[in-house]
Amino acid sequence: MESEVVITSYSEALDVYRQKDLRQAQYDQADVLLEGVLVNLHGAAHRDRRRVENRLFRRETFVTYERELFPELTRKAIAPHQRAGSAELVSLGHELLLHLAVVVAGIDRPAGTAEETARLRGQVNLFIEALTMAQSTLDKDERRAAVAGGFTDWTEEFLAPSAARRRALLAEEGATGCPVPPDLLGTLLRHQDELGLSDGLIGRETAFFLLVAAHTSATAFVRTVHHMLEWLAEHPGSRELVHTDPFFVQRCVHETIRLNSSSTVGMRRAVEPVVLRSGRKIPAGAKVVIDLAAVNRDESAYGPTADEFDPYREIPAGVMPYGLSFAAGAHVCIGQDLAAGVVPTPGSDPDQHLFGLVALAVRELFRGEVSLDPADPPRADPTTTRRYWSRYPVRLGPRVTVDQESCLSSGRCVEADSTAFRFGPGELAEPSAQAGRLPEERLRRIAEDCPAAAIRLHGI
Ligand code: HEM
């Protein structure tokens, strides 16, 4: 019988991830798409490819993504839902993160139509099944065939033209100075000969990046909103922080990722016998299962309330705020800073800081008020043993604030609707929770009637 070692403590897990004689074993069932891709490589082959790909995943690329490219894409994807007053976050999250992931992976959508995006999304949904095949409760042979079919369609429709465009740009780069976009496909094509990559492997690698970038961040987005809504219901005094403190939102993302690693376990296999620093012996050939749910709740790292969501958690130096959900060591997630930003230090400047694309998406959603729809509660996904939502409907309303510096206490808003506005300290007007539920037109009229123009409407 196969020997298996289960790791549940933070320090042992960190040690396991850093061991050179433990190779990746997580995706042995997913090779229809993942054969030969970065995450499955070991030793020198992994190091050489990772070195090349790391050149793309540097701070300057993330700054371009987070400050220049992503804010507008995010706003565009969320705005129609804000206007409609509701959203289903599982599908919105996947749609939004797909828009961002194609930029990172280097997949063009030349038609730019909703139908084209829907086809791409269907194919990426199939790729996601490859990643989560080990946990699938469906017929695995049938699903593998479906993934392979989706990969063929995607190669013809999306990969081949995207690669052709980048090859042409690379060929002309010196002559025209026309820049090749900063994306994975362009990087792989540039180094294709140096790394000895086949066209098929470039396709699988690009598909892998596309799917991990889109899928893991989309699930983190929905789960963060879920945790925040629950936590804010218990801490109503902190509601404003969602809108005013980007570091608070980033901490919520980190806590969410800690409590919900996208895979519940990490896996490695010993290519040689290994002795951990704790003294634990792992024989050659043994499988090592890192129980991330336990590791990320290890009280010796996260304290006695490790099981709870707490954005104010004090994290000891050297411990990751998001647990080992991005792994560690050679295979540490290459998109970690892109997804979750850089861990802030005391005095970090918000104008220079990278908050990550999940926090960016969450903050954009919370430009208005977000609340659950009592008539349509969230539902868990029954097709996987991983903890996913299949539907997460929310109501989106405008957020109303009164600029206390400008308010002249005329009381016009209170007269217009005393359920939505009231007098607060110093007889200055303030909105109640009801304000965001008024019909948009009525709200606009009340705001326009304010002689001091002190009423602000956000998220509409
Ligand atoms: C919340 C979001 C994310 C989570 C939780 C996450 C998690 C992980 C984990 C746990 C691994 C290591 C797997 C292992 O060694 O067993 C990993 C590797 C990887 N991730 Fe992420 N990831 C996220 C976002 C992203 C994004 C946005 C990208 C792409 C831009 C990305 C690209 C990759 C790649 C390419 C690897 C393989 C690295 C290697 O093997 O050297 N991930 N990720």
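Of the 460 residues of the chain, 38% count as buried, and this figure, like the others here, belongs to a predicted model. The chain has a radius of gyration of 24 Å, which agrees with the value near 23 Å that a compact globule of 460 residues would have. Its secondary structure comes to 18 helices and 15 strands, and two open sheets, two nonpolar cores and the surroundings of a ligand are taken up below.

**Overall dimensions and contacts**

- Along the principal axes, the C-alpha trace of the chain spans about 75 × 55 × 45 Å.
- Where contacts join residues at least 6 apart in sequence, 71% of them link residues that are at least 24 apart.

**Nonpolar cores**

- The largest nonpolar core has 98 residues, and those with the most contacts inside it are A101, A105, F127, L210, L211, V358 and V362.
- Helix α10, which covers residues 199-234, gives the largest share of this core, namely 14 residues.
- Apart from this core lies another one, of 14 residues, which has V400, V402, C413 and C450 among its members.
- When residues up to four places away in sequence are left out, A105 touches D183, L184, L185, T206, F209, L210 and A213.

**The sheet β1-β7-β4-β2**

- Four strands form an open sheet in the order β1-β7-β4-β2, and the pairing within this sheet is mixed.
- Strands β1 (4-7) and β2 stand at the edges with a single partner strand each, so one side of each is left without a neighbour in the sheet.
- Neighbouring strands of this sheet are turned against each other by 30° on average, with direction ignored.
- Strand β4 (residues 265-270) pairs with β2 (residues 22-24) in the antiparallel sense over 3 bridges, and within this pairing R23 stands opposite R269 of β4.
- Strand β4 also pairs with β7 (residues 287-291), again in the antiparallel sense but over 5 bridges, and here M267 stands opposite V289 of β7.
- The side chains along β4 alternate, in that G266, R268 and A270 point to one face and are buried, whereas V265, M267 and R269 point to the other face and are not buried.
- R269, which faces R23 across the β2 pairing, and M267, which faces V289 across the β7 pairing, therefore both belong to the set of β4 side chains that is not buried.**The sheet β3-β11-β8**

- A further open sheet has 3 strands in the order β3-β11-β8, and its pairing is antiparallel.
- The edge strands of this sheet are β3 (86-88) and β8 (369-372), each of which pairs on one side only.
- From one strand to the next, the twist averages 30°.
- Strands β8 and β11 (residues 393-397) pair in the antiparallel sense over 4 bridges, and S371 has R395 in β11 as its bridge partner.

**Surroundings of the ligand**

- There are 24 residues around the ligand, of which T216, A327, H331, C333 and G335 come nearest.
- The elements that give two or more residues to this shell are α10 and α15 (336-340).
- Helix α10 gives the largest share of the shell, 6 residues, and this helix also gives the largest share of the 98-residue core.

Methods: Residues numbered from 1 in each chain as written. Predicted model: local features only at pLDDT ≥ 70, side-chain atom pairs only at ≥ 80, totals over all residues. Core = buried A, V, L, I, M, F, W, Y, C linked by C-beta atoms within 7 Å. Buried ≥ 20, exposed ≤ 12 C-beta atoms within 10 Å, placed from the backbone. Contact = placed C-beta atoms within 7 Å. Pairing = 2+ DSSP bridges. Axes fitted to C-alpha atoms, helices over the stretch in contact; angles between N-to-C directions. Rg over C-alpha atoms; globule rule 2.2 N^0.38 Å. Near = placed C-beta within 6 Å.
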